[in-house]
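Hi,

Here's the structure I promised to pass on. Have a look at it first, and my notes follow underneath.

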Amino acid sequence: MNCWLWCSAALFVALLACVYVCAFKPVPDRLIALEFASVIVTLQMILLAEGFHRPSFYDLPLTLALLSFGGGMVFARFLQRWL
Amino acid sequence: MHFTSAATVLVGVATALAVICSIGLAIVKKPLERLHFSAAVTSLSAGLIALAVWFDDPTWQSRIKVTLTAIILFVMNSILSHATARAIRVFESGQFDPLHDEKLLRVTKDNPSGAGK
């Protein structure tokens, strides 16, 4: 294992914090934790792509970064209007 | 060799920052305070990891893609943070505009700290 893969594994700690907030905190906090988790997963995918030396894997974090923006906006709008 | 060491340091700092911010996210009480931790990771960690890839990986495909990802994260998440803060404000107080009895902090030349009189 190289440093990229170790750091990718270390980021699971950050994901655990997001799981805790999503499970036990009120609705607005959960939305923030969800957005934070999507950023962390994007960073993890970059680290995995570099750790495995596969440049084609970089398409996945690129796509996730774009889609998480759309998803976050939809949830924010939903929270603002209907909850 | 030096570039690989620099990449290792940058990735380590980015990861440590993300973990510290996640702990902060879990500890603080108010949702708007949590939003600050989320924004810090997006702007700093993504940039540091992109810089580390530039140092470590000689292929231009990886460099361009990771730079694009970091730029997207930086730009889109600032917009998303604003939208989320606005949604939380409406969710908590029912409207975006200030309430009648609400005091606003106004930073001016005479009042640089923004503390209310």
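Chain A has 3 helices and 0 strands, so to speak an α-α-α run when read from the N terminus. Keep in mind that this is a predicted model. The C-alpha trace of chain A spans about 45 × 25 × 10 Å along its principal axes. Of its 83 residues, 45% count as buried. As for how chain A holds on to itself, take the contacts with a separation of 6 or more: 54% of them are between residues 24 or more positions apart.

Helix 3 of chain A is a good place to zoom in. This helix has 24 residues, and from its first C-alpha to its last it reaches 34 Å, close to the 34 Å expected at 1.5 Å a residue. Its buried residues are A:Pro61, A:Leu64, A:Ala65, A:Ser68, A:Phe69, A:Gly72, A:Phe75, A:Ala76 and A:Leu79. If the spacing in that list looks familiar, here's the background: an α-helix has 3.6 residues a turn, so residues three or four places apart point the same way. And what covers the buried residues of helix 3 of chain A? The cover includes helix 2 of chain A and also helix 3 of chain B.

That brings in the other chain. The contact between the two takes 38 residues from chain A and 41 residues from chain B. On the chain B side, helix 1, helix 2 and helix 3 each supply at least two residues, with the largest share, 18 residues, coming from helix 3 of chain B. By type, the residues on that side of chain B divide into 23 nonpolar, 13 polar and 5 charged.

Now for the core. The largest nonpolar core has 49 residues, and those with the most contacts inside it are A:Phe36, A:Ile40, A:Leu43, B:Ala18 and B:Ile49. Both chains feed into this core: two or more residues come from each of helix 1 (3-24), helix 2 (27-51) and helix 3 (59-82) of chain A, and likewise from helix 1 (2-27), helix 2 (31-56) and helix 3 (60-93) of chain B. Helix 2 of chain A gives the largest share, 12 residues.

If you want one residue to click on, try A:Ile40. Which residues is A:Ile40 in contact with, leaving aside its neighbours within four places in sequence? In chain A they are A:Leu11, A:Ala14, A:Leu15 and A:Cys18, and from chain B there is B:Ala18. B:Ala18 is also one of the residues with the most contacts inside the core.

Cheers

Conventions:
Residues numbered from 1 in each chain as written. Chains lettered and ligands numbered in written order. Predicted model: local features only at pLDDT ≥ 70, side-chain atom pairs only at ≥ 80, totals over all residues. Core = buried A, V, L, I, M, F, W, Y, C linked by C-beta atoms within 7 Å. Buried ≥ 20, exposed ≤ 12 C-beta atoms within 10 Å, placed from the backbone. Helix = DSSP H or I, 4+ residues; strand = E, 2+ residues; numbered from the N terminus. Contact = placed C-beta atoms within 7 Å. Nonpolar A, V, L, I, M, F, W, Y, C, P; charged D, E, K, R; others polar. Expected span 1.5 Å × (residues − 1).
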